[in-house]
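Colleague: I'm new to this structure, and I'd love a close look at just one part of it. Could you pick a helix, walk me around it, and then show me how its surroundings are put together?

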Amino acid sequence: MTLLTLFVTMIGGPAAAAFPDRPVTLIVPFAAGGSTDVTARMIAPYIEKNLHAGARVVVSNIQGGGGDVGFATISGAIPDGHTIGFINTPSFLTIPLERQARFDPKLFDPLVAIVDDPSTVVVPAGSAIATPVDLVAFARTTPQKASFATTGVGSDEQLSMLKLQELGGVRFVHIPFPGGAHIYRALRNGNVMVAGMNLSEALRAREEGRITILGQMSRNRHPVAPDLPTFREMGFDIAMGAMRGIAAPRGLPDDVRQVLVDAITAAAADPDFQAKAKATYQPLRILGPDAFADELTAMDRDYRALWAVSPWSDR
(Lines give C-alpha, C1' and ligand atoms only; values in the text may rest on other atoms or scores of the structure.)
Protein backbone atom coordinates (compact mmCIF):
# COMPACT_ATOMS: atom_id res chain seq x y z
CA MET A 1 0.00 0.00 0.00
CA THR A 2 1.44 3.33 -1.00
CA LEU A 3 1.57 6.24 1.38
CA LEU A 4 -1.10 8.06 -0.70
CA THR A 5 -3.43 5.04 -0.64
CA LEU A 6 -2.97 4.69 3.10
CA PHE A 7 -3.75 8.37 3.63
CA VAL A 8 -6.92 8.23 1.52
CA THR A 9 -8.05 5.09 3.34
CA MET A 10 -7.49 6.66 6.74
CA ILE A 11 -9.60 9.74 5.95
CA GLY A 12 -12.39 7.69 4.39
CA GLY A 13 -11.78 8.54 0.72
CA PRO A 14 -11.94 11.85 -1.10
CA ALA A 15 -14.75 14.14 0.10
CA ALA A 16 -17.75 14.36 -2.22
CA ALA A 17 -18.68 17.79 -3.46
CA ALA A 18 -21.61 19.27 -1.61
CA PHE A 19 -24.87 19.34 -3.58
CA PRO A 20 -25.40 21.44 -5.58
CA ASP A 21 -21.97 21.83 -7.11
CA ARG A 22 -23.25 24.01 -9.97
CA PRO A 23 -26.35 26.15 -10.59
CA VAL A 24 -29.73 24.45 -10.21
CA THR A 25 -32.01 25.14 -13.18
CA LEU A 26 -35.64 25.73 -12.22
CA ILE A 27 -37.72 25.22 -15.37
CA VAL A 28 -40.96 27.11 -15.96
CA PRO A 29 -42.87 25.37 -18.79
CA PHE A 30 -44.67 28.56 -19.77
CA ALA A 31 -43.86 32.04 -21.01
CA ALA A 32 -42.32 34.71 -18.80
CA GLY A 33 -44.76 36.95 -16.98
CA GLY A 34 -47.46 34.40 -16.22
CA SER A 35 -48.47 33.12 -12.81
CA THR A 36 -46.06 30.19 -12.76
CA ASP A 37 -43.19 32.44 -13.78
CA VAL A 38 -44.07 34.94 -11.06
CA THR A 39 -44.10 32.18 -8.42
CA ALA A 40 -40.83 30.69 -9.68
CA ARG A 41 -38.91 33.95 -9.72
CA MET A 42 -40.28 34.86 -6.33
CA ILE A 43 -39.28 31.62 -4.60
CA ALA A 44 -35.95 30.96 -6.36
CA PRO A 45 -33.88 33.27 -4.09
CA TYR A 46 -35.33 31.61 -1.00
CA ILE A 47 -34.45 28.15 -2.30
CA GLU A 48 -30.91 29.44 -2.85
CA LYS A 49 -30.88 30.77 0.69
CA ASN A 50 -31.73 27.33 2.07
CA LEU A 51 -29.13 25.46 0.06
CA HIS A 52 -25.46 25.77 0.94
CA ALA A 53 -23.68 29.12 0.77
CA GLY A 54 -22.95 30.11 -2.81
CA ALA A 55 -25.68 27.94 -4.34
CA ARG A 56 -27.56 29.41 -7.28
CA VAL A 57 -31.04 28.71 -8.66
CA VAL A 58 -31.60 29.92 -12.22
CA VAL A 59 -35.14 30.21 -13.65
CA SER A 60 -35.47 29.07 -17.28
CA ASN A 61 -38.66 29.49 -19.33
CA ILE A 62 -39.14 26.63 -21.80
CA GLN A 63 -42.56 27.10 -23.36
CA GLY A 64 -44.44 25.20 -26.02
CA GLY A 65 -47.31 22.78 -26.37
CA GLY A 66 -49.21 24.15 -23.40
CA GLY A 67 -46.44 22.97 -21.06
CA ASP A 68 -45.56 19.79 -22.98
CA VAL A 69 -42.06 20.93 -24.01
CA GLY A 70 -41.07 22.19 -20.56
CA PHE A 71 -42.44 19.14 -18.76
CA ALA A 72 -40.48 16.90 -21.13
CA THR A 73 -37.33 18.89 -20.45
CA ILE A 74 -37.72 18.30 -16.71
CA SER A 75 -38.38 14.56 -16.99
CA GLY A 76 -35.61 14.09 -19.56
CA ALA A 77 -32.93 15.73 -17.42
CA ILE A 78 -30.24 13.79 -15.60
CA PRO A 79 -31.72 12.96 -12.15
CA ASP A 80 -28.93 14.55 -10.15
CA GLY A 81 -30.95 17.43 -8.68
CA HIS A 82 -29.47 20.14 -10.88
CA THR A 83 -32.59 20.33 -13.05
CA ILE A 84 -35.99 20.72 -11.39
CA GLY A 85 -39.11 22.53 -12.49
CA PHE A 86 -42.70 23.47 -12.00
CA ILE A 87 -45.50 21.11 -12.91
CA ASN A 88 -48.99 22.54 -13.26
CA THR A 89 -52.35 20.87 -13.09
CA PRO A 90 -54.42 20.18 -14.99
CA SER A 91 -52.15 20.35 -18.08
CA PHE A 92 -49.50 18.09 -16.53
CA LEU A 93 -52.18 15.38 -16.31
CA THR A 94 -54.45 16.23 -19.24
CA ILE A 95 -51.87 16.53 -22.04
CA PRO A 96 -51.09 12.77 -21.97
CA LEU A 97 -54.82 12.04 -22.19
CA GLU A 98 -55.31 14.22 -25.26
CA ARG A 99 -52.38 13.25 -27.45
CA GLN A 100 -48.97 11.61 -27.68
CA ALA A 101 -47.16 13.66 -25.07
CA ARG A 102 -43.44 14.27 -24.96
CA PHE A 103 -43.41 13.28 -21.28
CA ASP A 104 -44.84 10.69 -18.91
CA PRO A 105 -46.13 11.92 -15.52
CA LYS A 106 -44.85 8.67 -13.98
CA LEU A 107 -41.27 9.79 -14.68
CA PHE A 108 -41.49 12.70 -12.25
CA ASP A 109 -40.75 12.95 -8.56
CA PRO A 110 -43.13 15.51 -6.96
CA LEU A 111 -41.19 17.44 -4.32
CA VAL A 112 -43.28 20.30 -2.90
CA ALA A 113 -46.60 21.83 -3.96
CA ILE A 114 -46.63 25.59 -3.48
CA VAL A 115 -49.74 27.21 -4.96
CA ASP A 116 -53.35 26.15 -5.53
CA ASP A 117 -54.75 28.91 -7.76
CA PRO A 118 -58.50 29.06 -8.57
CA SER A 119 -59.64 29.86 -12.10
CA THR A 120 -61.42 33.09 -12.95
CA VAL A 121 -63.09 34.61 -16.00
CA VAL A 122 -62.18 38.17 -16.91
CA VAL A 123 -63.14 40.85 -19.45
CA PRO A 124 -61.49 44.14 -20.36
CA ALA A 125 -62.28 47.06 -18.05
CA GLY A 126 -65.27 48.99 -19.33
CA SER A 127 -66.91 45.93 -20.89
CA ALA A 128 -70.70 45.82 -20.77
CA ILE A 129 -70.36 42.28 -19.46
CA ALA A 130 -70.32 42.41 -15.67
CA THR A 131 -71.41 38.91 -14.59
CA PRO A 132 -71.29 35.32 -15.88
CA VAL A 133 -74.99 35.66 -16.69
CA ASP A 134 -74.19 38.63 -18.95
CA LEU A 135 -71.44 36.61 -20.62
CA VAL A 136 -73.69 33.63 -21.33
CA ALA A 137 -76.38 35.94 -22.72
CA PHE A 138 -73.85 37.60 -25.04
CA ALA A 139 -72.53 34.25 -26.26
CA ARG A 140 -76.05 33.05 -26.92
CA THR A 141 -77.00 36.07 -29.06
CA THR A 142 -73.62 36.80 -30.67
CA PRO A 143 -71.65 33.51 -30.69
CA GLN A 144 -69.26 34.53 -33.48
CA LYS A 145 -67.94 37.41 -31.33
CA ALA A 146 -67.65 35.48 -28.08
CA SER A 147 -63.88 34.84 -28.22
CA PHE A 148 -62.48 33.13 -25.14
CA ALA A 149 -58.71 33.09 -24.53
CA THR A 150 -57.02 30.27 -22.62
CA THR A 151 -53.50 28.92 -22.15
CA GLY A 152 -54.31 25.93 -24.33
CA VAL A 153 -56.21 22.69 -24.72
CA GLY A 154 -56.50 20.82 -21.43
CA SER A 155 -55.64 23.86 -19.31
CA ASP A 156 -57.80 24.81 -16.35
CA GLU A 157 -58.94 27.84 -18.36
CA GLN A 158 -60.17 25.68 -21.21
CA LEU A 159 -61.85 23.16 -18.93
CA SER A 160 -63.61 25.97 -17.07
CA MET A 161 -64.71 27.44 -20.42
CA LEU A 162 -66.14 24.08 -21.48
CA LYS A 163 -67.99 23.75 -18.19
CA LEU A 164 -69.44 27.25 -18.61
CA GLN A 165 -70.50 26.35 -22.16
CA GLU A 166 -72.22 23.22 -20.87
CA LEU A 167 -74.06 24.94 -18.03
CA GLY A 168 -74.98 27.99 -20.11
CA GLY A 169 -75.94 26.12 -23.27
CA VAL A 170 -73.64 28.29 -25.39
CA ARG A 171 -70.48 28.03 -27.47
CA PHE A 172 -67.38 30.24 -27.31
CA VAL A 173 -64.72 30.79 -29.95
CA HIS A 174 -61.67 29.23 -28.28
CA ILE A 175 -58.35 31.08 -28.78
CA PRO A 176 -55.32 29.39 -27.14
CA PHE A 177 -52.24 31.39 -26.09
CA PRO A 178 -48.76 30.32 -24.86
CA GLY A 179 -49.25 31.79 -21.38
CA GLY A 180 -51.08 34.17 -19.09
CA ALA A 181 -48.98 37.18 -20.06
CA HIS A 182 -50.00 36.73 -23.70
CA ILE A 183 -53.64 36.55 -22.71
CA TYR A 184 -53.36 39.76 -20.71
CA ARG A 185 -51.84 41.60 -23.67
CA ALA A 186 -54.59 40.31 -25.96
CA LEU A 187 -57.24 41.57 -23.55
CA ARG A 188 -55.61 44.98 -23.22
CA ASN A 189 -55.31 45.28 -26.99
CA GLY A 190 -58.91 44.28 -27.60
CA ASN A 191 -58.01 41.10 -29.50
CA VAL A 192 -60.25 38.91 -27.32
CA MET A 193 -63.37 39.78 -25.39
CA VAL A 194 -63.09 37.32 -22.51
CA ALA A 195 -60.39 35.14 -21.00
CA GLY A 196 -59.67 32.54 -18.39
CA MET A 197 -57.03 33.54 -15.85
CA ASN A 198 -55.85 32.19 -12.56
CA LEU A 199 -56.94 34.22 -9.56
CA SER A 200 -53.44 35.47 -8.71
CA GLU A 201 -52.75 36.97 -12.14
CA ALA A 202 -56.30 38.32 -12.45
CA LEU A 203 -56.00 40.18 -9.14
CA ARG A 204 -52.66 41.68 -10.18
CA ALA A 205 -54.15 42.77 -13.50
CA ARG A 206 -57.18 44.24 -11.73
CA GLU A 207 -54.85 46.42 -9.67
CA GLU A 208 -53.76 48.08 -12.92
CA GLY A 209 -57.37 48.88 -13.77
CA ARG A 210 -57.27 46.99 -17.08
CA ILE A 211 -59.73 44.16 -16.43
CA THR A 212 -62.93 43.20 -14.63
CA ILE A 213 -63.11 39.81 -12.90
CA LEU A 214 -66.50 38.17 -13.35
CA GLY A 215 -66.00 35.67 -10.53
CA GLN A 216 -63.71 33.04 -9.02
CA MET A 217 -64.07 29.29 -9.44
CA SER A 218 -63.04 28.25 -5.94
CA ARG A 219 -65.49 26.25 -3.85
CA ASN A 220 -65.65 29.12 -1.39
CA ARG A 221 -64.40 32.70 -1.60
CA HIS A 222 -60.63 32.53 -1.36
CA PRO A 223 -59.05 34.58 1.46
CA VAL A 224 -56.95 36.52 -1.06
CA ALA A 225 -60.17 37.77 -2.72
CA PRO A 226 -63.01 37.79 -0.17
CA ASP A 227 -64.85 40.47 -2.18
CA LEU A 228 -65.07 38.33 -5.31
CA PRO A 229 -68.14 36.04 -5.59
CA THR A 230 -67.76 32.43 -6.68
CA PHE A 231 -69.41 31.10 -9.82
CA ARG A 232 -71.40 28.79 -7.57
CA GLU A 233 -72.88 31.80 -5.79
CA MET A 234 -73.98 33.10 -9.19
CA GLY A 235 -75.68 29.88 -10.29
CA PHE A 236 -72.86 28.08 -12.14
CA ASP A 237 -71.58 24.99 -10.34
CA ILE A 238 -67.95 25.22 -11.42
CA ALA A 239 -64.89 24.57 -9.26
CA MET A 240 -61.63 24.73 -11.19
CA GLY A 241 -58.04 25.78 -10.62
CA ALA A 242 -54.37 25.05 -11.08
CA MET A 243 -51.99 23.49 -8.57
CA ARG A 244 -48.37 24.50 -9.08
CA GLY A 245 -45.44 22.77 -7.47
CA ILE A 246 -41.84 21.76 -8.00
CA ALA A 247 -40.84 18.31 -9.23
CA ALA A 248 -37.69 16.57 -10.41
CA PRO A 249 -36.97 13.76 -12.84
CA ARG A 250 -37.53 10.42 -11.14
CA GLY A 251 -34.42 8.72 -9.84
CA LEU A 252 -32.84 11.34 -7.60
CA PRO A 253 -30.34 10.05 -5.03
CA ASP A 254 -32.09 9.98 -1.64
CA ASP A 255 -29.75 12.50 -0.05
CA VAL A 256 -30.09 14.97 -2.93
CA ARG A 257 -33.88 14.59 -2.89
CA GLN A 258 -33.99 15.36 0.82
CA VAL A 259 -31.80 18.44 0.38
CA LEU A 260 -34.16 19.77 -2.30
CA VAL A 261 -37.35 18.99 -0.35
CA ASP A 262 -35.95 20.66 2.77
CA ALA A 263 -34.75 23.73 0.87
CA ILE A 264 -38.01 24.23 -1.06
CA THR A 265 -40.15 23.65 2.04
CA ALA A 266 -38.11 26.13 4.05
CA ALA A 267 -38.28 28.63 1.18
CA ALA A 268 -42.07 28.37 0.99
CA ALA A 269 -42.35 28.81 4.77
CA ASP A 270 -40.03 31.82 4.88
CA PRO A 271 -41.99 34.78 6.33
CA ASP A 272 -40.48 37.15 3.77
CA PHE A 273 -41.50 34.90 0.88
CA GLN A 274 -44.97 34.50 2.33
CA ALA A 275 -45.34 38.28 2.67
CA LYS A 276 -44.37 38.72 -0.99
CA ALA A 277 -46.75 35.95 -2.01
CA LYS A 278 -49.58 37.66 -0.17
CA ALA A 279 -48.75 41.01 -1.77
CA THR A 280 -48.97 39.40 -5.23
CA TYR A 281 -52.10 37.35 -4.41
CA GLN A 282 -50.38 33.95 -4.59
CA PRO A 283 -52.82 31.41 -3.04
CA LEU A 284 -50.27 29.32 -1.17
CA ARG A 285 -50.92 25.68 -0.34
CA ILE A 286 -47.72 24.00 0.77
CA LEU A 287 -47.72 20.20 0.51
CA GLY A 288 -44.84 17.79 1.06
CA PRO A 289 -43.90 15.04 -1.40
CA ASP A 290 -46.41 12.42 -0.24
CA ALA A 291 -49.38 14.78 -0.02
CA PHE A 292 -48.45 16.37 -3.35
CA ALA A 293 -48.27 12.94 -5.00
CA ASP A 294 -51.63 11.96 -3.48
CA GLU A 295 -53.25 15.12 -4.89
CA LEU A 296 -51.87 14.36 -8.34
CA THR A 297 -53.14 10.78 -8.16
CA ALA A 298 -56.64 11.93 -7.19
CA MET A 299 -56.70 14.57 -9.93
CA ASP A 300 -55.49 12.09 -12.53
CA ARG A 301 -58.33 9.74 -11.61
CA ASP A 302 -60.88 12.57 -11.94
CA TYR A 303 -59.54 13.83 -15.28
CA ARG A 304 -59.49 10.32 -16.72
CA ALA A 305 -63.11 9.83 -15.69
CA LEU A 306 -64.07 13.15 -17.28
CA TRP A 307 -62.16 12.36 -20.47
CA ALA A 308 -63.91 8.99 -20.76
CA VAL A 309 -67.34 10.62 -20.97
CA SER A 310 -66.52 14.05 -22.42
CA PRO A 311 -63.17 14.40 -24.24
CA TRP A 312 -62.25 18.04 -24.67
CA SER A 313 -59.41 18.07 -27.20
CA ASP A 314 -61.62 18.83 -30.20
CA ARG A 315 -63.68 21.59 -28.61
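Modeller: Happy to! Let's start with a charge and a ring: the charged end of R188 sits over the ring of Y184, 4.8 Å from the ring's centre. Keep in mind that this is a predicted model.

Both residues take us to helix α7, which spans residues 180-188. Its buried residues are G180, A181, I183, Y184, A186 and L187. There is a simple rule behind such spacing: an α-helix has 3.6 residues a turn, so residues three or four places apart point the same way. What do the buried residues of α7 pack against? Their partners are the strands β4 (108-124), β5 (147-150), β7 (194-198) and β8 (211-216), together with helix α8 (199-207). After α7 comes G190, whose phi is positive, near 75°.

Now let's step from the helix to the nonpolar cores. The largest has 77 residues, and the members that touch the most others are L26, I47, L111, I114, L135, F172 and I246. Strand β4 gives this core its largest share, eight residues. Apart from this core lies another one, of 19 residues, and two residues of our helix, Y184 and L187, are among its members, as are V122 and A149. As a general background, nonpolar side chains in soluble globular proteins tend to be buried together.

To get a feel for the 77-residue core, try I246, one of its best-connected members. Leaving out residues up to four places away in sequence, I246 touches L26, I47, I84, G85, F86, P110, L111, V112, I114, I264 and F292.

Helix α8, one of the partners of α7, leads us on to charged pairs. R206 in α8 and D227 meet through their side chains in a salt bridge, 3.3 Å from N to O. The two come from distant parts of the chain, 21 residues apart, with D227 in the loop between β8 and β9 (241-249). R206 has 32% relative accessibility, so it counts as partly exposed. D227 is partly exposed too, because its relative accessible area is 47%. Side chains of opposite charge can pair when their charged atoms come close.

Another salt bridge joins D237 and R232, whose closest N and O atoms are 2.7 Å apart. R232 is partly exposed, at a relative accessible area of 35%. Elsewhere, D68, E98, R99 and R102 form one network through salt bridges that share partners. Within that group, E98 pairs with R99 at 3.1 Å between the closest N and O atoms. E98 counts as buried because its relative accessibility is 13%, whereas R99, at 33%, is partly exposed. A search of the whole structure finds 17 salt bridges.

E98 brings us to helix α4, which covers residues 91-98 and includes S91. Is S91 buried or exposed? It is buried, because its relative accessibility is just 6%. A polar atom of the S91 side chain lies 3.3 Å from the backbone oxygen of N88. Beyond its sequence neighbours up to four places away, S91 touches F30, G66, F71, P96, F103 and G154.

Three of those contacts, F30, F71 and F103, also belong to a cluster of ring pairs that includes F92 and F108. The whole structure holds 10 aromatic pairs. One of them joins F231 and F236: their ring centres are 6.4 Å apart and their planes are at 65°, so the pair is edge-to-face. Both of these phenylalanines are buried.

Key: Residues numbered from 1 in each chain as written. Predicted model: local features only at pLDDT ≥ 70, side-chain atom pairs only at ≥ 80, totals over all residues. Heavy atoms only, no water. Buried < 20%, exposed > 50% of the residue type's maximum accessible area, 1.4 Å probe, protein only. Helix = DSSP H or I, 4+ residues; strand = E, 2+ residues; numbered from the N terminus. Contact = heavy atoms within 4.5 Å. Core = buried A, V, L, I, M, F, W, Y, C linked by side-chain atoms within 4.5 Å. Polar contact = N/O pair within 3.5 Å; in protein donor to acceptor, adjacent residues only side chain to side chain. Salt bridge = Lys/Arg side-chain N within 4 Å of Asp/Glu carboxyl O. Phe/Tyr/Trp six-rings, centres within 6.5 Å; stacked < 30°, edge-to-face > 60°. Lys NZ or Arg CZ within 6 Å of the ring centre and 35° of its normal.
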